[in-house]
Amino acid sequence: AQTPALNELAQYYSPKSGKRRGRVALFTGCLGEAFDRATLNASIQLLNRFGFEVVVPSQQVCCGALHQHHGRSPQTLIERNIHTFYALEVSAVIYCASGCGAMLTSYRSEDNEVAGWFRSHLYDISEFLLAHWPRDLQPATSRLRVVVHEPCSQRNLLNNADAVYRLLERIPGVEVVAS
């Protein structure tokens, strides 16, 4: 059961139908929240379609990458994010922005147990969707040509650029082109 404190500190998005497969949290990031709302909304819809309740904690803060790039310590942000997501009782923390993902995977904390939990439950949205693809989900055929931009953080730091291509290959008829 959800406690009132958690309900006040997060938004919950539940699947409308089908088998519930678990609860995950979405890291929105400060720039993603401001500039990439469409991606975050689409991620919530896909995760719900896959049977996952999505929790978006209001207590999350910037990943800290911008602070670090400007020579300031992100440790306060790191500690807050780690403990915010740990308190949610979720099976995964999912991010959409590879720049945030690169920073999130580097998190270190005074509380090694909680920081270890955070890093071991952290997933890129494409990798998570691939790992949890419903057996009965067959997307409609599309004749779209999709050009994929590989962020350098995804290719060089996270080493998971292929996940986007593998996910798009699940859609029949899509022509995928690397930029």
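## Close-up views of a predicted model

**View 1. Phe85, a buried aromatic residue.** Phe85 has a relative accessibility of 0%, so Phe85 counts as buried. The cut-off for buried is under 20% relative accessible area. Keep in mind that this is a predicted model. Phe27 is buried too, with a relative accessible area of 2%. How many aromatic pairs does the structure hold? The count is seven. Phe27 and Phe85 make one such pair, with ring centres 6.0 Å apart. The planes of these two rings stand at 45°, so the pair is tilted. What does the pair tie together? Phe27 belongs to strand β2 and Phe85 to helix α5, so the link joins parts that are 58 residues apart in sequence.

**View 2. Tyr107 and Phe118, a stacked pair.** Both residues take part in one aromatic cluster, together with Phe27 and Phe85. Phe118 is buried, at 0% relative accessibility. Is Tyr107 buried or exposed? Tyr107 counts as buried, because its relative accessibility is 0%. The ring centres of Tyr107 and Phe118 lie 5.4 Å apart, and 20° separates their planes. Planes under 30 degrees apart count as stacked, and the Tyr107 and Phe118 pair is stacked. Tyr107 sits in the loop between α6 (98-104) and α7, while Phe118 sits in helix α7. The pair therefore ties together parts that are 11 residues apart in sequence.

**View 3. Helices α5 and α7 where they meet.** Helix α5 covers residues 75-86, and helix α7 covers residues 112-120. Their axes come within 9 Å of each other. At what angle do they cross? The crossing is at roughly 75°. The helices are therefore roughly perpendicular to each other. From α5, the contact uses Asn81, Ile82, His83, Phe85 and Tyr86. From α7, it uses Glu113, Val114, Ala115, Trp117 and Phe118. Sorted by class, this contact has seven nonpolar residues, two polar ones and one charged one. Two of the contact residues, Phe85 and Phe118, also appear in the aromatic cluster.

**View 4. Thr28 and Gly29, two loop residues.** Thr28 is found in the loop between β2 and α2. Gly29 lies in the loop between β2 (22-27) and α2 (30-35). Are these residues buried or exposed? Thr28 has 10% relative accessibility and so counts as buried. Gly29 has 5% and is buried as well. Which residues does Thr28 touch, leaving out those up to four places away in sequence? They are Glu33, Arg37, Leu40, Val56 and Gln60. With that same rule, Gly29 touches Gln60 and Cys100. Gln60 thus meets both Thr28 and Gly29. Look also for Gly64. Its C-alpha atom is 9.3 Å from that of Gly29, though the two are 35 residues apart along the chain.

**View 5. Ser43 in helix α3.** Helix α3 spans residues 37-49, and Ser43 is part of it. With a relative accessible area of 5%, Ser43 is buried. Where does its side chain reach? It comes to 2.9 Å from the backbone oxygen of Thr39. Ser43 also touches Cys96 and Ile125, once residues up to four places away in sequence are left out.

**View 6. Ser17 and Glu89, two exposed loop residues.** Ser17 is placed in the loop between β1 (10-13) and β2. Its relative accessible area is 58%, so Ser17 is exposed. Exposed means over 50%. The C-alpha atoms of Ser17 and Phe50 are separated by 10.0 Å, and these residues are 33 residues apart along the chain. Glu89 lies elsewhere, in the loop between α5 and β4 (93-95). Glu89 is exposed, at 66%. What is its phi angle? The value is near 55°, which is positive in a residue other than glycine.

**View 7. The whole chain, for orientation.** The chain has 10 helices and seven strands. It holds 179 residues, and 45% of them count as buried. How much of the contact in the chain comes from residues 24 or more positions apart? Among contacts with a separation of 6 or more, such residues account for 80%. The tilted pair of Phe27 and Phe85 is an example of a link between parts 58 residues apart in sequence.

Key: Residues are numbered from 1 along each chain as its sequence is written. This is a predicted model: local features need pLDDT of at least 70, side-chain atom pairs count only at pLDDT 80 or more; totals for chains, interfaces and linings use all residues. Side-chain values use heavy atoms; hydrogens and water are left out. Axes are lines fitted to C-alpha atoms, for helices over the stretch in contact, and angles run from 0 to 180 degrees between N-to-C directions. Helices (H or I, at least four residues) and strands (E, at least two) are DSSP runs, numbered from the N terminus. Angles under 35 degrees count as roughly parallel, over 145 as roughly antiparallel, 65 to 115 as roughly perpendicular and the rest as oblique. Contact means heavy atoms within 4.5 Å. Ala, Val, Leu, Ile, Met, Phe, Trp, Tyr, Cys and Pro count as nonpolar, Asp, Glu, Lys and Arg as charged, and the others, Gly among them, as polar. Buried means under 20% relative accessible area, exposed over 50%, partly exposed in between (1.4 Å probe, protein chains only). Rings of Phe, Tyr and Trp (its six-membered ring) pair if their centres lie within 6.5 Å; planes under 30 degrees apart count as stacked, over 60 as edge-to-face and the rest as tilted. A polar contact is a pair of N or O atoms within 3.5 Å; within protein, one must be able to donate a hydrogen and the other to accept it, and residues adjacent in sequence count only if both atoms are side-chain atoms.
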